[in-house]
Amino acid sequence: MPRPNEEKPTCCRCCTGFIFSSGLTALLLWLTLKPSSPKYSIESFYVPVLDKNSASQSTVNSTTISFDLRLKNENRNKGIYYDALDLTFFYYFPENSSFLQIGDIRIPEFYQGHLKTAHRLESIQSYGVSWKDVKTNGSSTKMFRVDLDTRVRGLRFSSAASHFNGLTTLVRNFLALLILYLV
């Protein structure tokens with residue numbers, strides 16, 4: 001039996017409460033399961049010809065650049081498929097304030113599980129720059145740029161049986177501006 005001061009719930013009040021609760025639940029689910037972009041970084045970068053501590057003839061004449069690319073997937077419930085990763089390397093010439101392309105590499109496509117970190121240890125042969133001139137001229141600070149170009153696709157709940165959820169982003173990323181101090 002209703003109390004005298006208590007109002008009876010109306011249909012409008014019930015519908016409003018249901019819509020508000022549904023909206024709040026949807027917002028919380030979206031915030032919890034929202035996919036985030038992977039994080040990219042260069043963990044190590046080595047140009048042997050610029051190593052002033054090495055007197056080895058193979059180091060002095062080397063045109064190789066070695067690096068460690070780190071890719072971190074911070075999604076809790078989503079694995080990521082990477083299409084081939086195209087990395088392009090540039091060297092900065094302070095004399096004319098420009099970047100010169102010195103190398104590139106294509107890393108094959110791969111899958112990365114949720115909350116996983118992947119490392120790609122690679123080496124490239126540089127071209128178009130006289131390392132001997134770079135080593136002898138200018139300051140001991142050398143600047144490099146690395147560009148990354150790939151397509152990233154997400155997978156729901158990181159299950160191999162799941163279908164793509166439409167999370168496809170094209171990553172054209174200025175990955176890193178590396179400044180090397182040569183002692």
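In this predicted model, Asp 149 is partly exposed, with a relative accessible area of 24%. Asp 149 belongs to strand β8. Its C-alpha lies 9.5 Å from the C-alpha of Asp 83. In sequence, Asp 149 and Asp 83 are 66 residues apart.

Thr 150 is also found in strand β8, which covers residues 141-155. Thr 150 is buried, at a relative accessible area of 3%. The side chain of Thr 150 makes polar contacts with backbone oxygens. A polar atom of that side chain lies 3.0 Å from the backbone oxygen of Asp 83. The side chain of Thr 150 also reaches the backbone oxygen of Ala 84, at 3.2 Å.

Ser 126 sits in the loop between β7 (117-125) and α3. Ser 126 counts as buried, with 10% relative accessibility. Its side chain reaches the backbone oxygen of Thr 63 at 2.7 Å. A polar contact of 2.8 Å joins the side chains of Ser 126 and Trp 131. Leaving aside residues up to four places away in sequence, Ser 126 touches Thr 63, Ile 65, Ile 102 and Trp 131.

Trp 131 leads on to the aromatic residues. The structure holds 10 aromatic pairs. One of them joins Tyr 91 and Trp 131. The ring centres of Tyr 91 and Trp 131 are 5.9 Å apart, with 70° between the planes. The pair counts as edge-to-face because the angle is over 60 degrees. It links distant parts of the chain. Tyr 91 is in strand β4 (residues 85-93), whereas Trp 131 is in helix α3 (residues 131-136). The two residues are 40 apart in sequence. Tyr 91 is buried, at 4% relative accessible area. Trp 131 is buried as well, at 5%. Both residues belong to one aromatic cluster, made up of Phe 45, Phe 67, Phe 89, Tyr 91, Phe 93, Trp 131 and Phe 144.

Two arginines place their charged ends over aromatic rings. The charged end of Arg 120 sits over the ring of Phe 110, 3.9 Å from the ring centre. The charged end of Arg 145 sits over the ring of Phe 99, at 5.1 Å from the centre.

The cysteines form no bonds with one another: the disulfide count is zero. For Cys 11, the closest cysteine sulfur is that of Cys 15, at 4.1 Å. The two sulfurs are not bonded because a disulfide requires them to lie within 2.5 Å, and 4.1 Å is too far. Cys 15 is likewise in no disulfide, with the sulfur of Cys 11 as the nearest cysteine sulfur. Cys 11 counts as exposed, at 60% relative accessibility. Cys 15 is partly exposed, at 40%.

Two loop residues have a positive phi without being glycine. For Ser 97, phi is about 50°. Ser 97 lies in the loop between β4 and β5 (98-107). Ser 97 is exposed, with a relative accessible area of 54%. For Leu 115, phi is near 55°. Leu 115 is found in the loop between β6 (110-112) and β7. Leu 115 counts as exposed, at 55% relative accessibility.

At the level of the whole chain, the secondary structure comes to three helices and nine strands. From the N terminus on, the elements run α-β-α-β-β-β-β-β-β-α-β-β. The chain has 183 residues, of which 31% count as buried. The chain exposes about 11,800 Å². Carbon and sulfur atoms supply 56% of that area. Among contacts between residues at least 6 apart in sequence, 70% join residues at least 24 apart. The pair of Tyr 91 and Trp 131, 40 residues apart, is an example of a link between distant parts of the chain.

Methods: Residues are numbered from 1 along each chain as its sequence is written. This is a predicted model: local features need pLDDT of at least 70, side-chain atom pairs count only at pLDDT 80 or more; totals for chains, interfaces and linings use all residues. Side-chain values use heavy atoms; hydrogens and water are left out. Rings of Phe, Tyr and Trp (its six-membered ring) pair if their centres lie within 6.5 Å; planes under 30 degrees apart count as stacked, over 60 as edge-to-face and the rest as tilted. Helices (H or I, at least four residues) and strands (E, at least two) are DSSP runs, numbered from the N terminus. Buried means under 20% relative accessible area, exposed over 50%, partly exposed in between (1.4 Å probe, protein chains only). A charge sits over a ring if NZ of Lys or CZ of Arg is within 6 Å of the ring centre and within 35 degrees of the ring normal. A polar contact is a pair of N or O atoms within 3.5 Å; within protein, one must be able to donate a hydrogen and the other to accept it, and residues adjacent in sequence count only if both atoms are side-chain atoms. Contact means heavy atoms within 4.5 Å. Accessible areas come from the Shrake-Rupley method with a 1.4 Å probe; for residues, only the protein chains shown count as cover.
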